[in-house]
Amino acid sequence: LLLVGDLIALRIYWGQWDIRRVKLMLPLAIFGIILGGALLLFLADSKQDLLLRRILGGFTLLIVIYKVGSDALKSVEYQPRNWHGYLAGWASGFGSALANVGSPPFTAYMLLQDVNPTIFMGTTTLFFAIINFLKLPITLLSSNVLNLHLLVSIIWVVPVIPLGSWLGRRFVQSVNPVFFERMMLVLLFIMSLYMLFASK
């Protein structure tokens, strides 16, 4: 389902991404996928999955607090560094391969980059299309992840994906950038709390 959505979103946002940031994050994201995939295949453990969620939840919450604080205190200004992209890329690849929680660190990093909603979504689309394609072999090899019975039961969702993608595109084209950023911060905050405190 993710790959179907990725193909549609790539068509919608084609060329509307920040390729420099994708190139910055991708090498360590690939390393993260390999490492996360190895742990998924050979060291599968629900406690490790829970620990990863806690770590990424805490990391995401810190970024949200920093972003809100730096916006409120004009004297605090974010200074971009390449290693921020390396760290976000690794965390996204590792989290995505091991527990499908790669989005929060990527989103937190992108919110610090001050890009418009279209570039934000385009960059997200390209980055995670690559990530999802690269982790597909791991998914197919892991008997703990692939459930054909579940896949058949939710295949009806596929025709709805283009409509959701189109509505999302319309929203991104018309949304106020400040509102978009605040909305993403609220969603990240909720997601970070979920990863920190959810028992499963």
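Visitor: Before we start, what counts as a helix, by DSSP runs?
Guide: A helix is a DSSP run of H or I with at least four residues, and the helices are numbered from the N terminus. By that rule, Thr 107 is found in helix 5. Please note that the model is a predicted one.

Visitor: Is Thr 107 buried or exposed?
Guide: Thr 107 has a relative accessible area of 6%. Since buried means under 20%, Thr 107 is therefore buried.

Visitor: And which residues does Thr 107 touch?
Guide: Leaving aside residues up to four places away in sequence, Thr 107 touches Phe 120, Met 184 and Leu 188.

Visitor: Stepping back, how many helices and strands does the protein chain have?
Guide: The secondary structure comes to ten helices and zero strands. Read from the N terminus, the elements run α-α-α-α-α-α-α-α-α-α.

Visitor: What percentage of the residues in the protein chain is buried?
Guide: Of the 200 residues in the protein chain, 42% are buried.

Visitor: What about contacts between residues at least 24 apart?
Guide: If one takes the contacts between residues at least 6 apart in sequence, 86% of them join residues at least 24 apart.

Visitor: Let us turn to helix 2. Where does helix 2 bend?
Guide: Helix 2 bends by about 35° at Leu 26. A proline, Pro 27, follows within four residues of that point.

Visitor: What span should helix 2 have, and how far apart are its end C-alpha atoms?
Guide: Helix 2 covers residues 19–42, which is 24 residues. At 1.5 Å a residue the helix should span 34 Å, and the end C-alpha atoms are 34 Å apart, so the two values agree.

Visitor: Which residues of helix 2 are buried?
Guide: Arg 21, Val 22, Leu 24, Met 25 and Leu 26 are among them. Further along helix 2, the buried residues include Ala 29, Gly 32, Ile 33, Gly 36, Gly 37 and Leu 40.

Visitor: What covers the buried residues of helix 2?
Guide: The covering elements include helix 4 (82–99), helix 5, helix 6 and helix 7 (136–141).

Visitor: Change of topic: how much space lies in the second largest pocket?
Guide: The second largest pocket holds about 820 Å³. Its lining consists of 33 residues, and those nearest its centre are Leu 2, Ser 103, Met 121, Thr 124 and Phe 128.

Visitor: Which helices each supply at least two residues of that lining?
Guide: Helix 1 (2–12), helix 5, helix 6, helix 9 (161–174) and helix 10 (177–197) each do so.

Visitor: And how does the lining of the second largest pocket divide by class?
Guide: The lining has 18 nonpolar, twelve polar and three charged residues.

Visitor: Now helix 10. Is Phe 180 buried or exposed?
Guide: Phe 180, which is found in helix 10, counts as buried at 5% relative accessibility.

Visitor: Which residues does Phe 180 touch?
Guide: Apart from residues up to four places away in sequence, Phe 180 touches Pro 117, Phe 120, Met 121, Phe 171 and Val 175. The C-alpha atoms of Phe 180 and Asn 116 are 8.9 Å apart, with the two positions 64 residues apart in sequence numbering.

Visitor: Where is Gly 57?
Guide: Gly 57 is in helix 3, which covers residues 46–72. Gly 57 is buried, with a relative accessible area of 0%.

Visitor: How far apart are Gly 57 and Leu 196 in sequence and in space?
Guide: Gly 57 and Leu 196 are 139 residues apart in sequence and 5.2 Å apart in space, taken C-alpha to C-alpha. Residues up to four places away in sequence not being counted, Gly 57 touches Ser 192, Met 195 and Leu 196.

Visitor: Finally, what is the phi of Asp 114?
Guide: Asp 114 is not a glycine, yet has a positive phi of about 60°. Most residues other than glycine have a negative phi.

Visitor: Where does Asp 114 lie?
Guide: Asp 114 lies in the loop between helix 5 (103–111) and helix 6 (117–134). With 68% relative accessibility, Asp 114 counts as exposed.

Methods: Residues are numbered from 1 along each chain as its sequence is written. This is a predicted model: local features need pLDDT of at least 70, side-chain atom pairs count only at pLDDT 80 or more; totals for chains, interfaces and linings use all residues. Side-chain values use heavy atoms; hydrogens and water are left out. Buried means under 20% relative accessible area, exposed over 50%, partly exposed in between (1.4 Å probe, protein chains only). On a 1 Å grid over the protein atoms alone, a cavity is a set of points where a 1.4 Å probe fits but cannot get out, and a pocket is an open set with protein on both sides within 12 Å along at least five of seven lines; lining residues have an atom within 4 Å of a point. Grid points are joined across faces, edges and corners, and a volume is the space filled by probe spheres set on the points. Ala, Val, Leu, Ile, Met, Phe, Trp, Tyr, Cys and Pro count as nonpolar, Asp, Glu, Lys and Arg as charged, and the others, Gly among them, as polar. The expected span of a helix is 1.5 Å times one less than its number of residues. The bend at a residue is the angle between axes fitted to the seven residues ending there and the seven starting there. Contact means heavy atoms within 4.5 Å.
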